[in-house]
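The exercises below are meant to be worked with the sequence and the coordinates open side by side. Each task is followed by a solution that proceeds step by step.

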Amino acid sequence: MGGAERSARKKKQAARAVAQARSTGGSDRTKIIAGVAVVAVLAIAVIGYVVFQSTKSAAPASDGAIPQTSPDHIISAPAVRDGSSVLVGKDTATVTIDVYEDFLCPICGTFEKTYGSSIKKAVEDGKVKIRYNILPMLNRLSKPEGYSTESANAALCVADGGKFNEFHAALFGAQPEEGEAGYTKDQLIKLGKDLGVTSAGFESCVQNQTYKTQLDELMSKTSNDPVLKDPDTGRFRGTPSVAANGKLVDLDNKNWLSDLAK
């Protein structure tokens, strides 16, 4: 084989080696890029899961107990049942605010998370009283149906036992999802007892829905209150709704509470 041929063969071999190296390098780069993409996707998934978990309400304990809420988030002012509602606050307050809620209503849960601490401060400072009107409005949206009535009734029973503020905070702090199962009567009774309700008639009050008739009357009265009706539809605006001084409060105004508490 002549020198020219050997030289040509070496050039071809060198060219193949370079091409192979480039091909291998490209494959490695592809693998690296793919690996980075997988890691990025996993990181996004983990972050998304953490965010999702942080926004979920606390789940019941393994024994079915409803979690209690930190005392820092509970109003430490007198709470007294007033018919089908509960009045929370000090006698020195000059303004009474009506809050209309349903323990199953997700927007009510958001309302409590958004304004709960501000309401707590205003009440404890003696600036306002809050009349909580817990409505049996969304009964058909729990499985089985009826949680709105059962939880509202239990809240009134708990109010008789002096633990409404704690009970109210716990049910919104660990709120069931709309369209899913609500807490059972037994779970509501256990929560009340865990919070310190000791009255002899408490359990039967919850089991027999002692206040159901009054709550149904409250729902009817609320639905027909002209102050709470949507001017466009003529129907009750829904929960949450807030009224004070005979007027509907505009919750789009983020300063609504401080404006009323002046």
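**Exercise 1.** Determine in which element Ser148 is found, whether Ser148 is buried or exposed, and with which residues beyond its sequence neighbours Ser148 is in contact.

*Solution.* In this predicted model, the first step is to place the residue, and Ser148 is found in helix α3. The second step is to compare its relative accessible area with the cut-off for burial, which is under 20%; the value for Ser148 is 0%, and therefore the residue is buried. The third step is to list the contacts, leaving aside neighbours within four places in sequence: Ser148 is in contact with Asp102, Leu104, Leu135, Pro136, Met137, Leu138 and Asn139.

**Exercise 2.** Describe how the axes of helix α3 and helix α4 are placed, and classify the residues through which the two helices meet.

*Solution.* Begin with the geometry: the axes of α3, residues 147–160, and α4, residues 164–173, come within 8 Å and cross at roughly 155 degrees. Angles over 145 degrees count as roughly antiparallel, and so α3 is roughly antiparallel to α4. Next, identify the two sides of the contact, where Tyr147, Ser151, Ala154, Ala155, Val158 and Ala159 are contributed by α3, while Phe164, Phe167 and Leu171 are contributed by α4. Finally, sorting the residues of this contact by type gives eight nonpolar, one polar and no charged.

**Exercise 3.** Find which residues of helix α5 are buried and which helices they pack against, and then examine Gly192 as one of them.

*Solution.* Within α5, which covers residues 185–194, the buried residues are Gln187, Leu188, Ile189, Leu191 and Gly192. Taking their partners next, the buried residues of α5 pack against α3, α4 and α6, the last of these spanning 202–207. For Gly192 itself the relative accessible area is 0%, which means that the residue is buried. Leaving aside neighbours within four places in sequence, Gly192 is in contact with Val158, Phe167, Val197 and Phe202. Of these partners, Val158 belongs to α3 and Phe167 to α4. As a separate check on distance, Gly192 and Gly161 are 31 residues apart in sequence, and their C-alpha atoms are 8.5 Å apart in space. Just after α5, finally, Gly196 takes a positive phi of about 110 degrees.

**Exercise 4.** Locate Ser241 in the chain, and work out its burial, its side-chain polar contact and the residues that it touches.

*Solution.* Ser241 lies in strand β5, which runs over residues 241–244. Its relative accessibility is 4%, so Ser241 counts as buried. Turning to the side chain, one finds that it reaches the backbone oxygen of Gly238 at 2.5 Å. Once residues up to four places away in sequence are set aside, Ser241 touches Asp98, Val99, Tyr100, Leu228, Phe236 and Leu248.

**Exercise 5.** Examine the backbone for cis peptide bonds, among them the one from Lys143 to Pro144, and for residues other than glycine with a positive phi, including Gln209.

*Solution.* The background for this search is that most residues other than glycine have a negative phi, and that most peptide bonds are trans. The peptide bond from Lys143 to Pro144 is cis, with omega near 0 degrees, and Pro144 is placed in the loop between β4 and α3. Another cis peptide bond leads from Thr239 to Pro240, with omega near -5 degrees, and Pro240 is placed in the loop between α7 and β5.

For the positive phi values, consider Gln209, whose phi is near 50 degrees and which lies in the loop between α6 and α7; its relative accessibility is 18%, so Gln209 counts as buried. Asn245 has a phi near 55 degrees and is found in the loop between β5 and β6. With a relative accessible area of 62%, above the cut-off of 50%, Asn245 is therefore exposed.

**Exercise 6.** Set these local results against the whole chain by finding how many helices and strands the chain has and what share of its residues count as buried.

*Solution.* The chain has eight helices and six strands, and 39% of its 262 residues count as buried. Among contacts with a separation of 6 or more, 73% are between residues 24 or more positions apart. The accessible surface comes to about 14,700 Å², and 54% of this belongs to carbon and sulfur atoms.

Notes
Residues numbered from 1 in each chain as written. Predicted model: local features only at pLDDT ≥ 70, side-chain atom pairs only at ≥ 80, totals over all residues. Heavy atoms only, no water. Helix = DSSP H or I, 4+ residues; strand = E, 2+ residues; numbered from the N terminus. Buried < 20%, exposed > 50% of the residue type's maximum accessible area, 1.4 Å probe, protein only. Polar contact = N/O pair within 3.5 Å; in protein donor to acceptor, adjacent residues only side chain to side chain. Contact = heavy atoms within 4.5 Å. Areas by Shrake-Rupley, 256 points an atom, 1.4 Å probe, with all protein chains shown as cover. Axes fitted to C-alpha atoms, helices over the stretch in contact; angles between N-to-C directions. Parallel < 35°, antiparallel > 145°, perpendicular 65-115°, else oblique. Nonpolar A, V, L, I, M, F, W, Y, C, P; charged D, E, K, R; others polar.
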